[in-house]
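Work through the exercises below with the model open. Try each task before reading its solution.

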Amino acid sequence: MPLAPAPIWSRTPLSGRLAWLGRFRALVATHEPALAELIEQEVGKTRFEALMADALPLLAACKWLERRAPRLLKPRRVRGTPFWLAGTKLWQTHEPLGRVGIIATWNYPVQLLGIQLIQALVAGNDVVVKPSERSPRTHARLLALAVQAGLPDGTLSWTDATREAGEALLARTDLDHVVFTGSTEVGRTIARTLAERLVPATLELSGRDSAIVLDDADPKKSAAAIWAAVVTNAGQTCMGPRRALVHQTVYPAFVAALSKLAAKARPRTIIDEPSAQRCFEQVAQAINAGGRDAAWGGGSAPGSPAPNGGPVPPHGRLWRPTAVIDCPTDAALVQGAHFGPAIAVVKVASLDEALDLHDRAGQFLSTAVFTRDPARAWALAARLGSTMVTINDVILPTAHPAASIGGRGPSGVGVSRGHFGLLAMTRPVFAAS
């Protein structure tokens with residue numbers, strides 16, 4: 001049986017696909033206020049965060065691809081022919097996978113879907129998207145802008161933003177790859193479903209990562225960076241730290257600096273009431289077991305109520321970001337099975353103790369290391385198990401358009417974004433003569 005003709009988009013020269021990307025980038029920039037308003041309405045993110053954490057990273061990724069995709073996707077001659085194949089020439093090209101399904105997430109609705117979308121399309125794939133149930137209008141607006149930028153009919157389509165639509169999408173037989181961002185539990189279900197048809201997937205699942213503050217770190221700057229990660233996007237970042245492991249040498253100064261910041265915290269809007277309640281319950285349990293709310297400066301005795309009688313329960317989706325200092329290591333908050341603005345702060349006597357607590361979480365995406373000597377952080381990078389290691393900062397550096405994101409084991413399979421994320425949307429084809 002002859003092969004079906006290739007879709008129109010895959011036959012479009014890379015120059016044409018990049019011209020589309022430039023038009024899409026311009027439309028996103030023009031419509032950023034409308035996108036930010038939708039994000040605010042659906043997710044509860046502030047307009048400023050929608051600009052800084054959603055729109056700007058997507059625009060930067062567009063620009064990065066426009067400049068670098070020609071070199072990354074260019075056919076190349078493969079060198080190193082063995083003597084017994086003298087005269088043989090080998091060429092490699094990067095061809096699109098075919099049809100890519102994207103199951104989108106809500107916490108960075110423009111940035112995450114947008115970058116996954118442009119990489120799949122620039123690589124020459126057709127794409128079908130299942131928007132998130134939590135941000136359907138934001139996703140629909142973004143996808144409409146992609147079509148408006150000049151995609152051929154049928155290149156990009158999307159389903160309803162329902163769980164049933166996601167299940168139907170996974171059952172399709174014409175998918176060549178699936179990209180999913182979400183929880184480990186759902187990721188496992190998707191992997192099992194696709195395995196029956198041998199459909200590969202990129203699974204961006206959650207991390208339960210650490211911020212490790214070494215004995216030579218600047219405690220004030222470390223506290224400021226870590227606290228910023230706790231409150232940014234109401235703590236709903238898969239690469240955000242769940243625990244700060246602080247060396248005892250700098251622990252008192254770190255706690256003093258963190259307490260000043262925590263005392264000024266204002267309630268943030270979390271995606272839903274159960275998520276807010278889960279954060280509160282884990283904080284309350286940690287305080288009852290001996291931890292202290294940093295907002296009160298650690299002035300109360302371990303395990304005693306804070307001056308206001310203890311942590312304040314959420315008001316619907318609103319809840320105050322909280323750091324629990326002197327947090328017991330066996331508290332659920334240390335394990336990090338929550339998704340919101342709460343962090344456990346643990347004093348450690350050595351780097352080995354910090355690494356042991358870090359390893360117990362078992363899910364690694366982005367680990368932060370604070371030290372005055374970056375070489376110490378570089379030496380730790382491979383040991384930490386994360387694809388991304390940030391030095392003296394948290395989350396923000398991961399927005400670099402060249403940086404790829406990927407997990408291991410319970411935190412996911414494959415990578416997206418950057419150089420490796422683009423190539424993951426292609427298959428290598430070799431021609432030998």
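**Exercise 1.** In which hand, left or right, does H4 pass H5? Then describe the packing of the two helices.

*Solution.* The model is a predicted one. Start with the hand: the crossing of H4 and H5 is right-handed. Next, take the geometry. Two packed helices are described by the angle between their axes and the distance between those axes. Helix H4 covers residues 47-73 and helix H5 covers residues 111-122. Their axes come within 9 Å and cross at roughly 15 degrees. Angles under 35 degrees count as roughly parallel, so H4 is roughly parallel to H5.

Now list the residues. H4 contributes Ala-53, Asp-54, Pro-57, Leu-58, Ala-61, Cys-62, Leu-65, Ala-69 and Leu-73. H5 answers with Gln-111, Gly-114, Ile-115, Ile-118, Gln-119 and Val-122. Sorted by class, this contact holds 11 nonpolar, three polar and one charged residues.

**Exercise 2.** Describe how H5 packs with helix H6 (residues 136-148).

*Solution.* Geometry comes first. The axes of H5 and H6 are 10 Å apart, at an angle of about 30 degrees. With under 35 degrees as the limit for roughly parallel, H5 is therefore roughly parallel to H6. The crossing of H5 and H6 is right-handed. Leu-113, Gly-114 and Leu-117 make the contact from H5. From H6 come His-139, Leu-142, Leu-143 and Ala-146. The class count for H5 with H6 is five nonpolar, two polar and no charged residues.

**Exercise 3.** In what order do the seven strands of the open sheet lie? Find the edges, then the helices that pack there.

*Solution.* Read the order: S11-S13-S14-S9-S8-S15-S16, with mixed pairing. The edge strands are S11 (292-293) and S16 (388-391), and each pairs on one side only. Move to the S16 edge. Strand S15 (residues 366-370) pairs with S16 in the parallel sense over four bridges. To fix the register, note that Ser-366 stands opposite Met-388 in S16.

Add helix H10 (residues 251-263), which packs on the sheet. H10 touches strands S8 (209-213), S9 (241-247), S13 (322-325) and S14 (342-348). The direction of H10 makes about 160 degrees with that of S14. Finish with helix H14 (residues 374-381), which lies across S15 and S16. H14 runs at about 165 degrees to S16.

**Exercise 4.** How many bridges join S2 to strand S1, and how many join S2 to strand S20?

*Solution.* Take S1 (residues 76-78) first. Three bridges join S1 to S2 (residues 90-96), and the two run antiparallel. Arg-76 stands opposite Gln-92 in S2. Then take S20 (residues 426-432). Seven bridges join S2 to S20, again antiparallel. Here His-94 stands opposite Pro-428 in S20.

**Exercise 5.** Is Arg-427 buried, partly exposed or exposed? Place the residue and name its contacts.

*Solution.* Locate the residue: Arg-427 lies in strand S20. Its relative accessible area is 44%. Buried means under 20% and exposed means over 50%, so Arg-427 is partly exposed. Next, leave aside neighbours within four places in sequence. Arg-427 is then in contact with Thr-93, His-94, Glu-95, Pro-96 and Leu-97. Last, check a separation. Arg-427 and Leu-51 are 376 residues apart along the chain, and their C-alpha atoms are separated by 34 Å.

Technical notes
Residues are numbered from 1 along each chain as its sequence is written. This is a predicted model: local features need pLDDT of at least 70, side-chain atom pairs count only at pLDDT 80 or more; totals for chains, interfaces and linings use all residues. Side-chain values use heavy atoms; hydrogens and water are left out. Axes are lines fitted to C-alpha atoms, for helices over the stretch in contact, and angles run from 0 to 180 degrees between N-to-C directions. Angles under 35 degrees count as roughly parallel, over 145 as roughly antiparallel, 65 to 115 as roughly perpendicular and the rest as oblique. A crossing is left-handed if the near helix is turned anticlockwise from the far one by less than a right angle, and right-handed if clockwise. Contact means heavy atoms within 4.5 Å. Ala, Val, Leu, Ile, Met, Phe, Trp, Tyr, Cys and Pro count as nonpolar, Asp, Glu, Lys and Arg as charged, and the others, Gly among them, as polar. Two strands pair if DSSP finds at least two bridges between them. Buried means under 20% relative accessible area, exposed over 50%, partly exposed in between (1.4 Å probe, protein chains only).
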